[in-house]
Amino acid sequence: MMGAATARVPAKINLHLGVGPLRDDGYHELATLFCALSLYDDVTVRAADELSVTVRGDGRREVPADATNLAARAVVELASHVGGDPRVEIIIDKTIPVAGGMAGGSADAAGALVAAARLWRADVERAELVEIAASLGSDVPFSLAGGVALGTGRGERLLPVLSRGQFHWVLAVARTGLSTPAVYAELDRLRSRDDAATSAGTDRPDELMVALASGDVTAVAPLLRNDLQPAALSLQPMLRRTLRAGREAGALAGVVSGSGPTCAFLCADAQAAITVAAELSGSGVAKAVRTASGPVAGARLIPPD
């Protein structure tokens, strides 16, 4: 067995997030277009005397550093599947915002699966990793895959989507996070006033997929959609100011990322993203502002530090 293995795994945004009604199993039916961005967490797994989790970087105090961490659960599940030894140290170096709607926890779980499989030299097929990933959370399979993909079901069933070129984004990280279950609950509350609001939630975003295949950023921008955005804005009204500031700074479009509260702004090119980021940084509407591009690859091994 090797001494350690490290995986680098990207953040995600939802270019389209259509949310259907609540299912009997407690999840909502989704039709979503995921895109992986060049904002990464690194997850290192090394042999140890007991299972432990160390979290470093921004937001580390908000991430559980025990067996409830999704990365720890991923290692335990994989160990059960392949006969590995779950007594490992998991070190998570975070750059992806915590509770920011960018699947940071799911990314860490995907990174732990890839790193632990390498550590144990496990004879495990990619399809088996995907199955384990789906059992851990709806976004974990995409964190393994990366690129652009259409997610259906609760988001775990993936179909790769063609996307030409690179798209440039500015990410405005909010000062406080949002709980994904709370945002979905708020959406249900808002929709209880209007039954028609769920009728088109899971339509396929065909027009957006055509725009992505063309690589035309001006065609993509007006097609961004997030059904969770009204709920996120209801819980954090300050996000309205953030979205307005990004558009006024020159972004082509802005949308709350996933369940929020990070706001993602699509820009014409890399230089435009730098300009928008500078404007947003000076506006005081966000805790931090970052630039990223995508799509990028999913979880992959890198040399350990």
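About 180 Å³ of space lies in the second largest pocket of this structure, which is a predicted model. The largest pocket, for its part, holds about 1200 Å³ of space. The points below take up these two pockets and then turn to helix 6.

**Second largest pocket**
- Eighteen residues line the second largest pocket, and among these P97, V98, V173, A174 and K287 are the ones that lie nearest its centre.
- Sorted by class, the lining of the second largest pocket comprises seven nonpolar, six polar and five charged residues.

**Largest pocket**
- The lining of the largest pocket is made up of 45 residues, with S106, D139, T180, P181 and S259 lying nearest the centre.
- Nonpolar and polar residues each number 19 in the lining of the largest pocket, while seven residues there are charged.
- At least two lining residues of the largest pocket come from each of strand 1 (4-22), strand 2 (28-47), helix 1 (70-82), helix 2 (104-119), helix 3 (126-136) and helix 5 (180-191).

**Helix 6 and its surroundings**
- Helix 6 spans residues 206-214, and within this helix L208, M209, A211, L212 and A213 are buried.
- These buried residues of helix 6 pack against strand 1 and strand 2, two elements that also each supply at least two residues to the lining of the largest pocket.
- Further packing partners of the buried residues in helix 6 include strand 5 (148-152), strand 7 (167-173) and helix 7 (217-220).
- After helix 6 comes G215, a residue whose phi is positive, with a value near 75 degrees.

Terms used. Residues are numbered from 1 along each chain as its sequence is written. This is a predicted model: local features need pLDDT of at least 70, side-chain atom pairs count only at pLDDT 80 or more; totals for chains, interfaces and linings use all residues. Side-chain values use heavy atoms; hydrogens and water are left out. On a 1 Å grid over the protein atoms alone, a cavity is a set of points where a 1.4 Å probe fits but cannot get out, and a pocket is an open set with protein on both sides within 12 Å along at least five of seven lines; lining residues have an atom within 4 Å of a point. Grid points are joined across faces, edges and corners, and a volume is the space filled by probe spheres set on the points. Helices (H or I, at least four residues) and strands (E, at least two) are DSSP runs, numbered from the N terminus. Ala, Val, Leu, Ile, Met, Phe, Trp, Tyr, Cys and Pro count as nonpolar, Asp, Glu, Lys and Arg as charged, and the others, Gly among them, as polar. Buried means under 20% relative accessible area, exposed over 50%, partly exposed in between (1.4 Å probe, protein chains only). Contact means heavy atoms within 4.5 Å.
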